Amino acid sequence: MNKNLLVKCPTCQKEIPYHHDNPFRPFCSERCKLIDLGAWAAEEHVISEPCYTEELLEELDLTAEETTHLH
Ligand SMILES: [Zn+2]
């Protein structure tokens, strides 16, 4: 039995025992968990910023059409 399964905290890379008593697993602490959640929220915020303009979407449509005409 391997009771001391170690996992790396995704935030600080510290090795911690993956134990069901650890409410923050796979993080080492609440702090690291919150940091990770914050990072996700930040990424989502960036994605939600519209970088697809209507023009760009039309361009993609035209490209798809051109490809179809070739066949
Ligand atoms: Zn950590």
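Helices, taken as H or I runs of at least four residues, and strands, taken as E runs of at least two, are DSSP runs numbered from the N terminus. In this predicted model, the elements of the chain run β-β-α-α from the N terminus on, so the secondary structure comes to two helices and two strands. Of the 71 residues in the chain, 3% are buried, and among contacts between residues at least 6 apart in sequence, 9% join residues at least 24 apart.

Leu5 is found in the segment before β1, which spans 6–8. Its C-alpha atom is separated by 9.6 Å from that of Glu15, ten residues apart along the chain, and, leaving aside residues up to four places away in sequence, Leu5 touches Pro17 and Tyr18.

The loop between β1 and β2 holds Gln13, a residue other than glycine whose phi has a positive value, near 65°. Both Leu5 and Gln13 can be assigned by their neighbour counts, as a residue is exposed if 12 or fewer other C-beta atoms lie within 10 Å of its own.

| Residue | C-beta neighbours within 10 Å | Class |
|---|---|---|
| Leu5 | 10 C-beta atoms | exposed |
| Gln13 | 9 C-beta atoms | exposed |

Leu5 is therefore exposed because its count is 10, and Gln13 is exposed because its count is 9.

Further along the chain, the loop between β2 (15–17) and α1 (30–48) contains Pro26, and the peptide bond leading from Arg25 to Pro26 is cis, with omega near 5°.

Key. Residues numbered from 1 in each chain as written. Predicted model: local features only at pLDDT ≥ 70, side-chain atom pairs only at ≥ 80, totals over all residues. Buried ≥ 20, exposed ≤ 12 C-beta atoms within 10 Å, placed from the backbone. Contact = placed C-beta atoms within 7 Å.
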